[in-house]
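Work through the exercises below with the model open. Try each task before reading its solution.

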Amino acid sequence: MIGGMTDPSIWREYGTPLLPPLSPGPLDGRTVAVKDLFAVAGFAIGAGNPAWLSQAETEPDCAPAVAALRAAGAAIAGIAQTDELAFSLSGANPHYGTPPNPAAPDRVTGGSSSGPASAVATGQADIGLGTDTAGSVRVPASACGLFGFRPTQGAVPADRVLPLAPSFDTPGWITAGPELLARAGAVLLPPGPSAFPRTIITIDLPNGSPFPSRSIASSVSSATVLSDSELDDLLAAFRAVQSAEAWASHGVWITANPGVLGPDVEARFRFGSTVTAAERARAWKVIAGYRSRVLDLLGDDTWLALPAAGGPGHPRDVTPAEKDAWRAATFRRTVIASAFGLPSVSVPTGASPPEGIALIGPPGADHALLRATASAGPAS
């Protein structure tokens, strides 16, 4: 097995199990790797940084998402690693290492839900419970050849989860197969419709892409939803709001603990300190304007399909410039769901090295998206 059960690049804490189920349920016999941002009773939140962990208090209770999985019969296998304070996309933690990606050993898992993705990919957990702000569930799922789901913003409680940018943060989950992805969704999500869309609009999918199929929608067509310049505009607005909220969340701690973060992560936080209130308000207007346009396009019966990331996970040995280029290309794929609070599922294409396709639906299409994954691969 790649990555042993004491591998510190995957696990901060590991048990047999760490916490047992609370009761029998639909997830009997399943195990969960919990990203180190969620409260887990009896343990502190470490947030991917030793200095943060050393100052954190023990959590008396589990976060609602963790408790719900335990109440449905799942055991908590352990607390899995994350990029520092979840503000990265590669999964390469300078303190704990880069988790293994068995589907592409020379490449990163992607992040920031890197530990949960690696735990699932190496067979050490059935469900990876993570968070997704700007792609941090969808991207590692894509890079590892797994299924990953970001729900409609606010559909799954983010209580007792360390924030990054609360307007965009949401719990999400990763599995090796579509059936378990949907089963976890039945536990974590409120009830909702499950009807497939009439139309799927594809964006920059390669010719011969195996998914989405016409078994999901009667019409599949290609279109430009946002032009390159509009996408640049949206990305700049998203970055301004995300960074400002990240600084509001953790700026006091970063100021009091200089030098404890990796330089690239600290630079992202410190950019947030330069965003003025007026700039943040203008950015929100930009996001709201594009969101209205996209929601009008989707209506109740149209989905989008596009690459889940800017290509496979980048090589583990890569220059900073190459990493930044991969990160920028990936944000162009993830920002629509992130900025607009839309549900999105990442489905593996079977390519080598792994890449995923993301389906994006209108708000509340969570169960329908999860149902659609069943046409993309075997159950597990």
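**Exercise 1. The cavity**

About how much space lies in the largest cavity? Find its lining and sort the lining by class.

Solution. Note at the outset that this is a predicted model. Start with the count: a search of the whole structure finds one cavity of 30 Å³ or more. Next, the volume: the largest cavity holds about 60 Å³ of space. Now walk the lining. A run from Ala86 through Phe87 and Ser88 to Leu89 contributes. Thr133, Ala134, Ser136 and Leu164 also line the cavity. Gln242, Arg327 and Phe331 complete the list. Finally, sort by class: six residues are nonpolar, four are polar and one is charged.

**Exercise 2. The largest pocket**

Which residues line the largest pocket, and which element gives the largest share?

Solution. Begin with the volume, about 300 Å³. Then list the lining. Phe87 belongs to it, as do Leu235, Ala236, Phe238, Arg239, Gln242 and Ser243. Arg268, Asp324, Arg327, Ala328 and Phe331 make up the remainder. Map these onto elements: α6 (228–256) and α9 (320–340) are the ones that give two or more residues. The largest share, six residues, belongs to α6. By class, the lining has six nonpolar, two polar and four charged residues.

Now compare with Exercise 1. Phe87, Gln242, Arg327 and Phe331 appear in the linings of both the largest pocket and the largest cavity.

**Exercise 3. The second largest pocket**

Which residues lie nearest the centre of the second largest pocket, and which element gives the most to its lining?

Solution. The volume is about 250 Å³. The lining has 15 residues. Nearest the centre are Ile203, Asp204, Leu226, Leu231 and Arg333. Turn to the elements: α6 and α9 each supply at least two lining residues. The top contributor is α9, with three. Sorting by class gives seven nonpolar, four polar and four charged residues.

**Exercise 4. Aromatic pairs**

How many aromatic pairs does the structure hold? Classify the pair Phe149 and Trp173, then the pair Phe196 and Trp303.

Solution. The structure holds seven aromatic pairs. Take Phe149 and Trp173: the ring centres are 5.2 Å apart and the planes meet at 50 degrees, a tilted pair. Place the partners next. Phe149 is in strand β5 (residues 147–150) and Trp173 in strand β6 (residues 170–175), so the pair ties together parts 24 residues apart in sequence. Both Phe149 and Trp173 are buried.

Now Phe196 and Trp303. Their ring centres lie 6.4 Å apart and their planes stand at 70 degrees, so this pair is edge-to-face. Phe196 sits in the loop between α5 (178–188) and β7 (199–202), and Trp303 in strand β9 (residues 302–307), so the pair ties together parts 107 residues apart in sequence. Check burial last. Phe196 has 26% relative accessibility, so Phe196 counts as partly exposed. Trp303 has a relative accessible area of 2%, so Trp303 is buried.

**Exercise 5. Clusters and charges over rings**

Which residues form one aromatic cluster, and which rings have an arginine over them?

Solution. First, the cluster: Phe168, Phe238 and Trp284. Phe238 also lines the largest pocket. Next, the arginines. Arg239 lies over the face of Phe271, 3.7 Å from the ring centre. Arg239 is another lining residue of the largest pocket. The charged end of Arg371 sits over the ring of Phe196, at 4.1 Å from its centre. Recall Phe196 from Exercise 4, where its partner was Trp303.

Note on methods:
Residues are numbered from 1 along each chain as its sequence is written. This is a predicted model: local features need pLDDT of at least 70, side-chain atom pairs count only at pLDDT 80 or more; totals for chains, interfaces and linings use all residues. Side-chain values use heavy atoms; hydrogens and water are left out. On a 1 Å grid over the protein atoms alone, a cavity is a set of points where a 1.4 Å probe fits but cannot get out, and a pocket is an open set with protein on both sides within 12 Å along at least five of seven lines; lining residues have an atom within 4 Å of a point. Grid points are joined across faces, edges and corners, and a volume is the space filled by probe spheres set on the points. Helices (H or I, at least four residues) and strands (E, at least two) are DSSP runs, numbered from the N terminus. Ala, Val, Leu, Ile, Met, Phe, Trp, Tyr, Cys and Pro count as nonpolar, Asp, Glu, Lys and Arg as charged, and the others, Gly among them, as polar. Rings of Phe, Tyr and Trp (its six-membered ring) pair if their centres lie within 6.5 Å; planes under 30 degrees apart count as stacked, over 60 as edge-to-face and the rest as tilted. Buried means under 20% relative accessible area, exposed over 50%, partly exposed in between (1.4 Å probe, protein chains only). A charge sits over a ring if NZ of Lys or CZ of Arg is within 6 Å of the ring centre and within 35 degrees of the ring normal.
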